[in-house]
Amino acid sequence: MNTTDAKRVLETALICAQQPLPLREMGVLFNGALTADTLKLLLEDLQNDWSGRGVELVHVATGWRFQSRPQMREFLDRLHPEKPPRYTRATLETLAIIAYRQPVTRGDMEDIRGVTINSMILKQLEDRGWVEVIGHRETVGRPGLYATTRQFLDDLGLESLDQLPVMDTTAAQASMLDQIEFGMSAAVAGDEAASGPAGLPDDPGTGLPVAELSEAADAGHSQDAPLTSLTATDPNA
């Protein structure tokens with residue numbers, strides 16, 4: 001099989017796939033005749049072939065997939081005028097804390113945010129497949145240790161936690177929350193027809209959309225504890 005035919009096979013499989021395809025599955029397409037390095041070269045060629053189009057080939061945590069470029073979002077939204085649910089500041093901050101400080105307990109999250117976290121937020125983040133309990137801290141009560149999942153990275157279009165932006169300024173914090181909301185909203189919009197609306201509950205008194213969070217942060221009057229305590233944290237810690 002020549003290079004052109006191999007690329008055509010990969011392109012077809014990726015376009016038809018419901019989930020990102022890892023290299024090992026793509027190797028099955030060729031009965032193991034192509035090495036992982038060869039597949040990567042073919043995928044890089046495909047990326048170049050699709051450059052400048054409204055759809056791009058990207059590598060995320062669980063494999064490779066085609067997806068629309070962010071610039072196309074406003075146009076695609078016109079096909080589905082109903083908006084996916086906006087996420088509260090409490091939800092976004094809780095997810096951001098887990099992403100940057102993992103593994104963390106619920107108590108750790110509450111210490112950082114300075115407020116009690118609604119248990120339903122953690123439950124529904126787990127139900128969405130964005131966080132999971134990976135163990136327990138050996139202390140009184142053995143609280144669960146939360147971490148993000150590969151699904152979380154996929155929905156944000158990331159390969160690894162290393163690609164999360166550094167939260168060293170208020171603007172960076174707001175940008176990160178905005179990126180998380182974009183990924184969460186896109187993921188919900190993708191399967192809303194099958195599963196129905198999947199909004200997350202508000203913490204009492206913290207129902208502030210991320211767009212307003214940016215404005216509040218700039219004005220210096222955010223409602224809850226800021227995320228500055230995350231600044232120096234290694235994403236992979």
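A polar contact is a pair of N or O atoms within 3.5 Å; within protein, one atom must be able to donate a hydrogen and the other to accept it. The legends below describe close-up views of a predicted model.

**Figure 1. Polar contact between Asp49 and Lys7 in the predicted model.** Asp49 belongs to helix α3. The side chains of Asp49 and Lys7 are joined by a polar contact of 2.8 Å. With a relative accessible area of 38%, Asp49 is classed as partly exposed.

**Figure 2. Overall architecture of the protein chain as context for the close-up views.** The protein chain contains 10 helices and four strands. Along the sequence these elements are arranged in the order α-α-α-β-β-α-α-α-α-β-β-α-α-α. Of the 237 residues in the protein chain, 42% are buried. Among contacts in the protein chain with a separation of 6 or more, 62% are between residues 24 or more positions apart. The protein chain has an accessible surface of about 12,400 Å², and carbon and sulfur atoms contribute 51% of this surface.

**Figure 3. The aromatic pair of Trp50 and Phe66, with the neighbouring charge of Arg53.** One aromatic pair is present in the structure. Its members are Trp50 and Phe66, whose rings are tilted at 55 degrees between the planes and lie 4.7 Å apart, centre to centre. The pair connects distant parts of the chain, since Trp50 is located in the loop between α3 and β1 (55-60) and Phe66 in strand β2 (residues 63-68), with their positions 16 residues apart in the numbering. Both Trp50 and Phe66 are buried. The ring of Trp50 also lies beneath the charged end of Arg53, which is 4.7 Å from the ring centre.

**Figure 4. Glu93 and its polar contact with Arg113.** Glu93 is part of helix α5 (residues 89-101). The relative accessibility of Glu93 is 2%, below the cut-off of 20%, and the residue therefore counts as buried. The side chain of Glu93 forms a polar contact of 3.2 Å with the side chain of Arg113.

**Figure 5. The cis peptide bond between Gln102 and Pro103.** The bond joining Gln102 and Pro103 is cis, with omega about -5 degrees. Pro103 is situated in the loop between α5 and α6 (106-113). Both Gln102 and Pro103 are among the residues in contact with Tyr146, which is the subject of the next view.

**Figure 6. Surroundings of Tyr146 in strand β4.** Tyr146 is located in strand β4. A relative accessible area of 13% places Tyr146 in the buried class. Beyond its neighbours within four places in sequence, Tyr146 is in contact with Ile98, Gln102, Pro103, Val104, Arg106, Met109, Leu122, Glu126, Val131, Glu132 and Val133. In the case of Val131, the C-alpha to C-alpha distance to Tyr146 is 6.5 Å, and the two residues are 15 residues apart in sequence.

**Figure 7. Helix α7, its N-terminal cap and its buried residues.** Asn118 caps the N-terminal end of α7, with a side-chain oxygen 2.8 Å from the backbone nitrogen of Met120. Within helix α7 (residues 119-127), the buried residues are Ile121, Leu122 and Leu125. The arc that these residues cover around the axis is only 95 degrees, so they are on the same side of α7. Leu122 is also one of the residues in contact with Tyr146. Following α7 is Gly129, which has a positive phi near 85 degrees.

**Figure 8. Two loop residues other than glycine with positive phi, Asn31 and Arg142.** Asn31 is placed in the loop between α2 (23-28) and α3 (36-49). The phi of Asn31 is positive, near 55 degrees. Asn31 counts as exposed because its relative accessibility is 75%, over the 50% cut-off. Arg142 is situated in the loop between β3 (131-136) and β4 (144-148). Although Arg142 is not a glycine, its phi is positive, at about 45 degrees. The relative accessible area of Arg142 is 43%, and this residue is partly exposed.

How values were computed. Residues are numbered from 1 along each chain as its sequence is written. This is a predicted model: local features need pLDDT of at least 70, side-chain atom pairs count only at pLDDT 80 or more; totals for chains, interfaces and linings use all residues. Side-chain values use heavy atoms; hydrogens and water are left out. Buried means under 20% relative accessible area, exposed over 50%, partly exposed in between (1.4 Å probe, protein chains only). Helices (H or I, at least four residues) and strands (E, at least two) are DSSP runs, numbered from the N terminus. The arc is that of the directions from the helix axis to the C-beta atoms. Contact means heavy atoms within 4.5 Å. Accessible areas come from the Shrake-Rupley method with a 1.4 Å probe; for residues, only the protein chains shown count as cover. Rings of Phe, Tyr and Trp (its six-membered ring) pair if their centres lie within 6.5 Å; planes under 30 degrees apart count as stacked, over 60 as edge-to-face and the rest as tilted. A charge sits over a ring if NZ of Lys or CZ of Arg is within 6 Å of the ring centre and within 35 degrees of the ring normal.
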